[in-house]
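User: I should like to understand how the descriptive terms applied to a protein model are justified. Could the reasoning be set out step by step?

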Amino acid sequence: MRSALNHLPDAHREALLLVGVQSLSYEKAARICGIAVGTMKSRVSRARAFLLGYLRMDAADGLGVDARMLAAMPG
């Protein structure tokens, strides 16, 4: 997971970590990043799509917060 996250562009990784790991709303994450909510949603969506492909996962597998995602968080 860490390798997959490292292959994401910085903006997409930040978006995914804020929304997917820290469970912030799209609105709050967008404010933190100084971008529009639609841009935040797009970045998270693209990051998730990339990770699904990189990890060769099916969309049904999901990308919720789990032990692998938490282990990939910068310490």
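Analyst: The questions below take several terms in turn and set each value against its cut-off. Please note that this is a predicted model.

User: How many helices and strands does the protein chain have?

Analyst: The protein chain has 5 helices and 0 strands. Along the sequence, the pattern is accordingly written α-α-α-α-α.

User: Why are helix 2 and helix 4 called roughly perpendicular?

Analyst: The axes of helix 2 (residues 10-21) and helix 4 (residues 37-54) cross at roughly 95° and come within 8 Å. Angles of 65 to 115 degrees count as roughly perpendicular. The crossing angle falls in that range, and helix 2 and helix 4 are therefore roughly perpendicular to each other.

User: Which residues make the contact between helix 2 and helix 4?

Analyst: Helix 2 contributes Ala11, His12, Ala15, Leu16, Val19 and Gly20. From helix 4 come Met40, Arg43, Val44, Arg46, Ala47, Arg48 and Leu51. Sorted by class, the contact has 8 nonpolar, 2 polar and 3 charged residues.

User: What makes Arg13 count as buried?

Analyst: Arg13 lies in helix 2. Its relative accessibility is 18%, and buried means under 20%. Arg13 therefore counts as buried. Leaving aside residues up to four places away in sequence, Arg13 touches Leu5, Asn6 and Leu8.

User: Why does Gly38 count as partly exposed?

Analyst: Gly38 is found in helix 4, and its relative accessibility is 48%. Partly exposed applies between the limits of 20% and 50%, so Gly38 belongs to that class. The C-alpha atoms of Gly38 and Tyr26 are separated by 8.5 Å, and the two residues are 12 apart along the chain.

User: How do you know that the charged end of Lys41 sits over the ring of Tyr26?

Analyst: The charged end of Lys41 is 5.7 Å from the centre of the Tyr26 ring. The distance limit is 6 Å, and the charge must also lie within 35 degrees of the ring normal. The distance satisfies the first requirement, and the charged end of Lys41 is listed as sitting over the ring.

User: Why is Ser23 called exposed?

Analyst: Ser23 lies in the loop between helix 2 and helix 3 (26-33). Its relative accessible area is 57%, and exposed means over 50%, so Ser23 is exposed. In addition, phi of Ser23 is near 60°, a positive value in a residue other than glycine.

Technical notes
Residues are numbered from 1 along each chain as its sequence is written. This is a predicted model: local features need pLDDT of at least 70, side-chain atom pairs count only at pLDDT 80 or more; totals for chains, interfaces and linings use all residues. Side-chain values use heavy atoms; hydrogens and water are left out. Axes are lines fitted to C-alpha atoms, for helices over the stretch in contact, and angles run from 0 to 180 degrees between N-to-C directions. Helices (H or I, at least four residues) and strands (E, at least two) are DSSP runs, numbered from the N terminus. Angles under 35 degrees count as roughly parallel, over 145 as roughly antiparallel, 65 to 115 as roughly perpendicular and the rest as oblique. Contact means heavy atoms within 4.5 Å. Ala, Val, Leu, Ile, Met, Phe, Trp, Tyr, Cys and Pro count as nonpolar, Asp, Glu, Lys and Arg as charged, and the others, Gly among them, as polar. Buried means under 20% relative accessible area, exposed over 50%, partly exposed in between (1.4 Å probe, protein chains only).
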